[in-house]
Amino acid sequence: MEVKVQINKLELKNISYYKQGSEETPCYNAVVYVNGKKAMHVDNEGRGGCDRQSVEYPTFDHSLIKELDEYCVKTFGVRKYDWGQVDIDLEHWCHDRLYEYLDQKKLKKDMTRQFVCVDEAKKEVYAYAKKGNTDIQFKAHMVKNHPQDTCLNFLSFNDAWKLFDEVTS
């Protein structure tokens, strides 16, 4: 029995990434949540194949995979490349969320060791080692030497990520 699900919120959580296992595709596993409910497990062995998508029974049935593919294509459209274009289906959406998760994790790590700054006019990111510099000393350095730039360390992480993503995309 197929039941249409009204999709209001789509999330990828509980992400585990295995860099050593990633050859042709990312080796990972995660859980897709629909409207806050655990809906399916996704994983990839990293050897070039498609993601496995296992629906969380009995809350959802197998028709959810097709519904989510259609929802993703309708909501996120297509991505164009020099060689053509691809629909942003559920698998592409999951990979986009995985890479966003990994990029955010790296930015958080970088921000613990460095002052990460953005020159929005030039669309450039640069960093200074934190060695011995306090936040107050570095703020003074920024005001004196880079008054137009923004140090991501002094923003909330969500705001820092948004700016970083705008500049690097």
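These legends accompany close-up views of salt bridges in a predicted model.

**View 1. Salt bridges across the whole structure.** Let's start with the full picture: searching the entire structure turns up nine salt bridges. Why might such pairs form? Side chains of opposite charge can pair when their charged atoms come close. The next views visit some of these pairs.

**View 2. The side chains of E45 and R52 joined in a salt bridge.** Look for the nitrogen-to-oxygen distance here, which is 3.3 Å. E45 is partly exposed, with 44% relative accessible area, and R52 is partly exposed as well, at 42%.

**View 3. A network of salt bridges around E45 and R52.** Now follow the links beyond that pair. Which residues take part in the network of salt bridges? They are D43, E45, R47 and R52.

**View 4. E70 and K66 paired in helix α1.** Here the salt bridge between the two side chains has an N to O distance of 3.9 Å. Helix α1 covers residues 63–76, and E70 and K66 sit four residues apart in it, so about one helical turn separates them. Is K66 buried or exposed? K66 counts as exposed, with 56% relative accessibility, while E70 counts as partly exposed at 39%.

**View 5. D110 and K106 paired in helix α2.** In this salt bridge, the closest N and O atoms of D110 and K106 are 2.8 Å apart. Both residues belong to helix α2, which spans residues 90–113, and they are four residues apart, or about one turn of the helix. D110 is partly exposed, and its relative accessible area is 22%.

Technical notes: Residues numbered from 1 in each chain as written. Predicted model: local features only at pLDDT ≥ 70, side-chain atom pairs only at ≥ 80, totals over all residues. Heavy atoms only, no water. Salt bridge = Lys/Arg side-chain N within 4 Å of Asp/Glu carboxyl O. Buried < 20%, exposed > 50% of the residue type's maximum accessible area, 1.4 Å probe, protein only. Helix = DSSP H or I, 4+ residues; strand = E, 2+ residues; numbered from the N terminus.
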